[in-house]
Amino acid sequence: MIRALRILASNPLSLFGLLLVVLIVLVAILAPWIAPFPTHNGAVVDFAFANKAPGARNWMGTDLVGRDIFSRILYAYQISLTLGIVVLAIATPIGTVVGLIAGYSGGWLGTVLMRIVDVFLSIPPLVLAIAMMGVLEPTLTNAMLAVTVMWWPWYARLVYSVARSEREEGYVLAAEVIGANTAHITFREILPNCLPAIITKMTLDMGFVIIIASSLSFLGLGVQPPTPDLGSMVAEGARYLPDSWWLTVFPGLAILVAVFGFNLLGDGLRDVFGVDE
Amino acid sequence: MSSVLNINNLTLSFKTLMQRVDVLHGIDLRIEAGEKVALVGESGSGKSVTARIILGLLQETRSAVVHGSVLFDGKDINTLTRKERAALRGTAMSMIFQDPSSSLNPVFTIGHQFTEVLKRREAKISQADCKKRCLKALIEVAIPEPARVLSSYPFQLSGGMNQRVMIAMALANQPSLLLADEPGTALDVSVQAQTLKLMHKMVTNHNTAVLFISHNLGVVREFADRVYVIYRGNIVEDGPTAALFANPTHPYTRALMAAVPRITGTGLPQVPEFSDEFLAPRVSHGVNP
Amino acid sequence: MTLLSIKELSKTFRTPSGPVHAVREVSFAVNQGECLAIVGESGSGKTTLAHMILGVLARTSGELSFDEQPLPDKRTMANRQSIQLVQQNPLSSLNPKRTIGASVRLGLDTYQIGDKSARWKTVGAALDAVGLEPSLGKRVPATLSGGQRQRVGIARALACNPRLLVLDEPTSALDVLVQARILQLLNTLRRERGLTYIFITHDLAVVRNVADRVAVFQSGQLVELNSTDAIFTDPQSTYTRQLIGAVPVVDDTELALRNKLVGNQ
């Protein structure tokens, strides 16, 4: 753990990524207390301050009905992070189990599982999600469902390839000679050796899930108003560019910062786990 | 008198963020023209990094700190520019590695790779000339059907055959020094024995000086004229092969020698993995030639 | 007394370029308490043979019996417990993400020998028997030297209390000083515990000093099987002579013996 932190700290970019991620998580959790206008996460209307440019009262300006953009961004981070965590918390175990079983057992079972995975992978992810959202109601839950369905096959692919190569290692042969059962070999011997790759991918993916979710809401298929969401904020504001630029630029920057932070951290973790002594 | 290679007080350490690790503590080593010299030691003794310094590769690694002089044909490798060092490799000095199959590029034919080697010395060599010299070199290392081998890819040939190709390529530009790092260790024992014999014959014919790096005392005894024993970054004993094997004097060399199982069946010796005596000062047999 | 008997054992692999006969109708017996060396180069079938003995590879045909009982491809836990393996590469044979103790304990967990505290005691005893501090059990393989890791590999096999150990090139990846110590250890353990060894190697000089009998394999076939003394005084097959001729020697008596056996090549 200490060694991991030291390697992470030795690369300024990864350290910066870690700081950004910690900051984003903190502001998301503390949103109700630190937001200047905590009630503005809902259907509040204050036309006296509608569509104001950034100033002393509203640091990032206000939207068309007078809600504080900065406050809404803090709440939107809550939604984005929840969505990312829930999606990955469901997609990762499914993909991991499928990849492990296919990778260790090989044979016809492995072939069948991986062909199913290939079918999912052959459909462009956003297209699949849009198609699902066309059938389902556009709610937060369904958005999470759609993103999860397109996400797990990537984990299956990753874990499959790591498990394939781990299977050839001597420690797997040792366990087979002793007669340990398949569950022990897959989950207790091989899985721990796949974890570094999985954790690294999860960190990188947090950024991508946030982008995909934002894209869905940008298209009107994700989180619905009045719930604040970075993607729908950008979408609404886009119509008023360039005059009311703050409507688009700040939520856009918020997406950028989150994605940037998770990617830098993910790259750093890759270095941490890549070092094998 | 000038030696092909003259290493004086060579030290190497690796710097990391937190610490400095000393790897070589002042190596002196000399190789005369046409001489076959072995550097023998265990893993981590510093023998392979020495080869990488002679090739001028380690000097280009930022974390490596190299001091002392490495005179090759009178020029100090440590003070040459990156470009000058690169120009020496594959022309005036060449190298044979442990695993022949992985040191040849799998996506090019032997002929293509051989041509690249020849072009390093003579950039404007004609196609016909090139082919003639490749064939001649392959015949010299006793490769049957050299024309077929030239149009083959490395994976189509056996390990022993690839090793012969490597030897032919390494000697094609008439280098004055050949570095052989554990050659043939990845091969079967009988193939290894054959290729070592062949290599011995080839370098003798070409009068090429060799630095032969190995952990195997038996192989060293059969190949080298002179031996340096390296332990934890220090040369502990050196001398003509016959003298050193007849009368190993340094405690480490003696332990190493005793630990080698004999086909005469003298049993398993009781030798320690480490002893303070192993750190005793260097022993030199006789005068260097 | 015969411990392991092998009759007309064959293994054929089906590959896209046709069948490969890795082991062809091999028959021999391993006696209780002996060290039988299996010598051969790559492609000799020695690893395939070992995997069939260990029950991790199904045979194509032939019979195996252990202690006069037939040894099927589908092993019982008792079958597995009595035949254990020590591998060549001590780095890859230990799971980098598990502690030494957990690796050594795997057999005990699998065969359900003793309760939890008894298992830890056995692990400690096994580590002690191979000359390691029992406290090493808490560490991960990366913090151990190559020689220490190989000792752990031996301890893992010993903890199962086996009768037959298959040693697959147990010292080829080690330095010569470390090799000497490990070979000593293996000799002592065999004597003290009455173990039987199948010692797979390509190094004839090692074989000369550890084996009672030698089986020479070439292209999946047994070409010569004799006592170690006989192999090194009067080798019968050309291939055995060729292997002896390739051994690098370090002293003059060895050289004289090699020249006498195979002529001055």
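The legends below accompany close-up views of a predicted model.

**View 1. The interface of chain C and chain B in the predicted model.** Between chain C and chain B about 3200 Å² is buried, and carbon and sulfur atoms give 58% of that area. Leu177(C), Asn209(C) and Val250(C) together supply 24% of the area that chain C buries against chain B, which is more than any other three residues contribute. The contact draws 36 residues from chain C and 33 residues from chain B.

**View 2. Polar and charged pairs between chain C and chain B, with the elements of chain C that carry the contact.** The rule finds 5 salt bridges across this interface, and in the one formed by the side chains of Arg221(B) and Asp252(C) the N to O distance is 2.4 Å. Counting pairs with both residues at pLDDT 80 or more, 17 residue pairs are in polar contact between chain C and chain B. On the side of chain C that touches chain B, two or more residues come from each of helix 6 (176-193), helix 7 (204-210), helix 9 (238-245) and helix 10 (252-262) of chain C, and helix 6 gives the most, with 9 residues. By residue class, this side of chain C divides into 18 nonpolar, 9 polar and 9 charged residues.

**View 3. The interface of chain C and chain A.** Here 22 residues of chain C are in contact with 18 residues of chain A, and the two chains bury about 1700 Å² between them, with 59% of it on carbon and sulfur atoms. The rule finds 1 salt bridge across the interface; the side chains of Glu189(A) and Arg98(C) meet in a salt bridge at 3.1 Å, N to O. Between chain C and chain A, 9 residue pairs are in polar contact, with both residues at pLDDT 80 or more. Helix 1 (46-54), helix 2 (77-82), strand 6 (83-86) and helix 3 (100-111) of chain C each supply at least two residues of the side that touches chain A, and the largest share, 4 residues, comes from helix 3 of chain C. The residues of this side divide into 10 nonpolar, 8 polar and 4 charged.

**View 4. The largest nonpolar core and a second, separate core.** The largest nonpolar core has 77 residues, of which Ile69(A), Ile73(A), Tyr77(A), Trp151(A) and Ile190(A) touch the most other members. Helix 4 (residues 69-105) of chain A gives the most to this core, with 16 residues. Leaving aside residues up to four places away in sequence, Trp151(A) touches Val87(A), Leu88(A), Ala91(A), Asp205(A), Phe208(A), Val209(A) and Ile212(A). A second, separate core of 59 residues includes Phe212(B), Leu217(B), Phe223(B) and Phe278(B). In soluble globular proteins, nonpolar side chains tend to be buried together.

**View 5. Backbone features in loops of the three chains.** Most residues other than glycine have a negative phi, and most peptide bonds are trans. The peptide bond from Leu241(A) to Pro242(A) is cis, with omega near -5 degrees, and Pro242(A) is found in the loop between helix 10 (230-238) and helix 11 (246-274) of chain A. Arg232(B), although not a glycine, has a positive phi of about 50 degrees; Arg232(B) lies in the loop between strand 9 (226-231) and strand 10 (234-240) of chain B, and counts as partly exposed because its relative accessibility is 44%. Glu68(C), likewise not a glycine, has a positive phi of about 70 degrees and is placed in the loop between strand 4 (61-66) and strand 5 (69-70) of chain C. With a relative accessibility of 67%, Glu68(C) counts as exposed.

Key
Residues are numbered from 1 along each chain as its sequence is written. Chains are lettered from A and ligands numbered from 1 in the order in which they are written. Side-chain values use heavy atoms; hydrogens and water are left out. Contact means heavy atoms within 4.5 Å. Buried area is the accessible area (1.4 Å probe) that two parts lose on being put together, summed over both. A salt bridge is a side-chain nitrogen of Lys or Arg within 4 Å of a carboxyl oxygen of Asp or Glu. A polar contact is a pair of N or O atoms within 3.5 Å; within protein, one must be able to donate a hydrogen and the other to accept it, and residues adjacent in sequence count only if both atoms are side-chain atoms. Ala, Val, Leu, Ile, Met, Phe, Trp, Tyr, Cys and Pro count as nonpolar, Asp, Glu, Lys and Arg as charged, and the others, Gly among them, as polar. A nonpolar core is a set of buried Ala, Val, Leu, Ile, Met, Phe, Trp, Tyr and Cys residues joined through side-chain atoms within 4.5 Å. Buried means under 20% relative accessible area, exposed over 50%, partly exposed in between (1.4 Å probe, protein chains only).
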